[in-house]
Amino acid sequence: MNSSTYAQNTILIINCGSSSLKYQVYRMPERESLGKGQVERIGLAEGNITQESPRGDYVKELEIPNHSVAIELMGEALTDPEKGIVSDLKEITGVGHRVVHGGEKYANSVVIDDAVIDAIRENIELAPLHNPANLSGILEAMKLVPGRKQVAVFDTAFHQTMPPSAYLYGLPRELYEKHKIRRYGFHGTSHRYVSLEAVKYMKRSTENTNVISCHLGNGASITAINNGRSIDTSMGFTPLEGLVMGTRSGDLDPQILLYLLERGYSAAELNQMLNKKSGLLGLSGISSDLRDLEKAAEEGNQRAIDALDVYAHRVRNYIGAYAANIVKVDVLVFTGGIGQYGVKMRERICHRLENLGIVMDYDKNIENGPRQGIISADYSPTAIVVIPTNEELQIALDTHDLISA
C-alpha cells in the first residue's frame, strides 16, 4: 500500500530501557520529527528529563522512582504550554515501542494485544535486562494515551528469516528445543532501515540486491541481507557474540570461561568482565571510545594500536564469511556511531578487502566523512556506502503502516 494514501498521523516513539526512556514524535507520512526527549536515571535519587523541539528546550530535575513516573513526566513535557511538542495527548494517533526480544514468535512488527504482551513477558528470560523495561513502557503508555493503537517493533524480528544453518549452535539439539538456545541476532531495526535506504540510494531493487550491513558502535553487529531478508548476523543468543565492541568481548573460545571458573573467578565476575570490561576498553586499558584510542594510537600507544587492529580484523573476518555465503555482494553499508563517523576505522576495515571486489576510494572516504554517500572506487564491483541509521524513524514507519492499514 502506498503510504501517500494514508491519513496524516502523529506517532510517539518510545524506547524504554532499564534506567532510561527515550522518546520522539513524528508526523507521518511526511517523516517529520516534531521533537524528542529522554528521561534518565530512573530509579535513582537524582533523575532528569530533557526535551528539545522547535519551541525550545525543556529541562526538569527530580527523583524518578519508576517507569510509571517517567511516562507521566514524558506526558507533561510533551504537552507543556510553552515548550511542548503537542497541545494535547489526544493528537497522538499511535505509539511505537522498541522491544528487544520477540523470540521466535515475531518476524514482523505487530499491533500490541494481550497475546503480544504475553509473548514479551515470556521472553523476559531471554532478555532480562531489556524486556521488563520495554513491557513497563508499553503498559504505562496504554494508560497515558488510552484507546490508541500501540505497536511493538522487535530488535530480533528481522533476523527470523535466518535458516537453521545460521541460527543453530553445535550443541545438543535438546538445548534448542527445551531452552530456546539459538542465535537470535539484534540491531534488526537498524539493519533493516539502512539496507532499505542503501538500496533506495543506489536506485536498485530489493529483490536483486545483496547487502552486508555493518552497524558499528559501542554495540556492534554485521548482517548479511539477501534480497531484503537477513540470512546471517553476528550477534547470537545474546548481544555478546560476534564482533569486538566497546566493552563486550565478542567471539571467544568458551573453554576460556571454564578455565577461569576453575581459577576462582565467579560467574558474576565473568559476566561483568565479558560485558563491561572487555572489547576496546579491555584490550587498550584506555577507553571504549574509538576517538580516544585513535588519539592514543597516533601518539604511539601500542595497546591502542592493537585494539584498533583487532577491531578491524574481526569486522573483516565477518565481511569475508558473509561474502562467501551471500555469493555476490552488491552493497557494503557502514552505519552506527563508528560506522558513520569513524573515517579512519572504515579505512582500516576496507584495507585488504580488494580481493573480494570491495574497493574503497580513500579520498572519497575522507571527503564524505559522516554524511550519507558512496565511498567506493568507481570501478569497485561492490559499492561501499555510508548510511546514517534512524531506528526511531523505522519504528515510526512500521507504526504508521500498521495503524493505517
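**Exercise 1. Which strands does H6 lie across, and at about what angle does H6 run to S9?**

*Solution.* Keep in mind that you're looking at a predicted model.

Step 1. Follow H6 over the sheet: H6 lies across S9, S10, strand S12 (331-335), S13 and strand S14 (383-386).

Step 2. Compare directions. H6 runs at about 130° to S9.

Step 3. Now look at the sheet underneath. It's an open sheet of 6 strands with mixed pairing, and the order is S11-S10-S9-S12-S14-S13.

Step 4. Check the ends of that order. S11 and strand S13 (373-374) are at the edges with a single partner strand each, so one side of each has no neighbour in the sheet.

**Exercise 2. Describe how S9 pairs with S10, then find the residue with a positive phi after S10.**

*Solution.* Step 1. Strand S9 (residues 210-216) and S10 run antiparallel, joined by 7 bridges.

Step 2. Pick one bridge: Ser213 has Thr223 of S10 as its partner.

Step 3. Move on to the loop between strand S10 (220-226) and strand S11 (229-233), where you'll find Asn227. Asn227 isn't a glycine, yet its phi is positive, at about 55°.

**Exercise 3. Work out the strand order of the 8-stranded sheet and name its edge strands.**

*Solution.* Step 1. Read across the open sheet: S5-S4-S3-S2-S1-S6-S8-S7, with mixed pairing.

Step 2. Look for strands that pair on one side only. These edge strands are strand S5 (56-62) and strand S7 (110-111).

Step 3. Zoom in on the S7 end. S7 pairs with strand S8 (residues 149-154) in the antiparallel sense, over 2 bridges. Here Val110 sits opposite Ala152 of S8.

Step 4. Add the helices. Helix H3 (residues 131-144) lies across strand S1 (9-16), strand S6 (94-99) and S8, and H3 runs at about 170° to S6. H15 packs on the sheet too, touching S1, strand S2 (20-28), S6, S7 and S8. The direction of H15 makes about 130° with that of S1.

**Exercise 4. Walk from S2 to S5, noting the bridges and turns on the way.**

*Solution.* Step 1. Start with S2 and S3, which run antiparallel and are joined by 8 bridges. Leu21 stands opposite Val39 of S3.

Step 2. Look at the turn. S2 and S3 make a hairpin with 3 residues between them, and Arg31 in the turn has a positive phi of about 60°. Pro29 is also in the loop between S2 and strand S3 (32-40), and a cis peptide bond with omega about 10° links Met28 to Pro29.

Step 3. Next come S3 and S4, antiparallel again, with 5 bridges. Glu40 stands opposite Asn48 of S4. Their hairpin has 6 residues between the strands, and Arg41 takes a positive phi near 60° there.

Step 4. Finish with strand S4 (residues 47-53) and S5, an antiparallel pair with 7 bridges. Gly47 has Leu62 of S5 as its bridge partner, and the hairpin from S4 to S5 goes through 2 residues.

**Exercise 5. Decide whether H6 and H15 are roughly parallel or roughly perpendicular, and list the residues in contact.**

*Solution.* Step 1. Get the geometry: helix H6 (residues 188-201) and helix H15 (residues 391-404) pack at about 85°, with their axes 9 Å apart.

Step 2. Apply the cut-off. Angles of 65 to 115 degrees count as roughly perpendicular, so H6 is roughly perpendicular to H15.

Step 3. List the contact. H6 brings Thr189, Ser190, Arg192, Tyr193 and Leu196, while H15 brings Glu391, Leu393, Gln394, Ile395 and Asp398.

Step 4. Sort those residues by type: 4 are nonpolar, 3 polar and 3 charged.

**Exercise 6. How many residues line the second largest pocket, and which lie nearest its centre?**

*Solution.* Step 1. Count the lining: 23 residues. Nearest the centre are Asn108, Arg192, Leu196, Gln394 and Asp398.

Step 2. Trace where the lining comes from. H6 and H15 each give at least two residues, and H15 has the largest share, with 6 residues.

Step 3. Sort the lining by type, and you get 9 nonpolar, 9 polar and 5 charged residues.

Step 4. Finally, note the volume: the second largest pocket holds about 530 Å³ of space.

Methods. Residues are numbered from 1 along each chain as its sequence is written. This is a predicted model: local features need pLDDT of at least 70, side-chain atom pairs count only at pLDDT 80 or more; totals for chains, interfaces and linings use all residues. Side-chain values use heavy atoms; hydrogens and water are left out. Axes are lines fitted to C-alpha atoms, for helices over the stretch in contact, and angles run from 0 to 180 degrees between N-to-C directions. Helices (H or I, at least four residues) and strands (E, at least two) are DSSP runs, numbered from the N terminus. Angles under 35 degrees count as roughly parallel, over 145 as roughly antiparallel, 65 to 115 as roughly perpendicular and the rest as oblique. Contact means heavy atoms within 4.5 Å. Ala, Val, Leu, Ile, Met, Phe, Trp, Tyr, Cys and Pro count as nonpolar, Asp, Glu, Lys and Arg as charged, and the others, Gly among them, as polar. On a 1 Å grid over the protein atoms alone, a cavity is a set of points where a 1.4 Å probe fits but cannot get out, and a pocket is an open set with protein on both sides within 12 Å along at least five of seven lines; lining residues have an atom within 4 Å of a point. Grid points are joined across faces, edges and corners, and a volume is the space filled by probe spheres set on the points. Two strands pair if DSSP finds at least two bridges between them.
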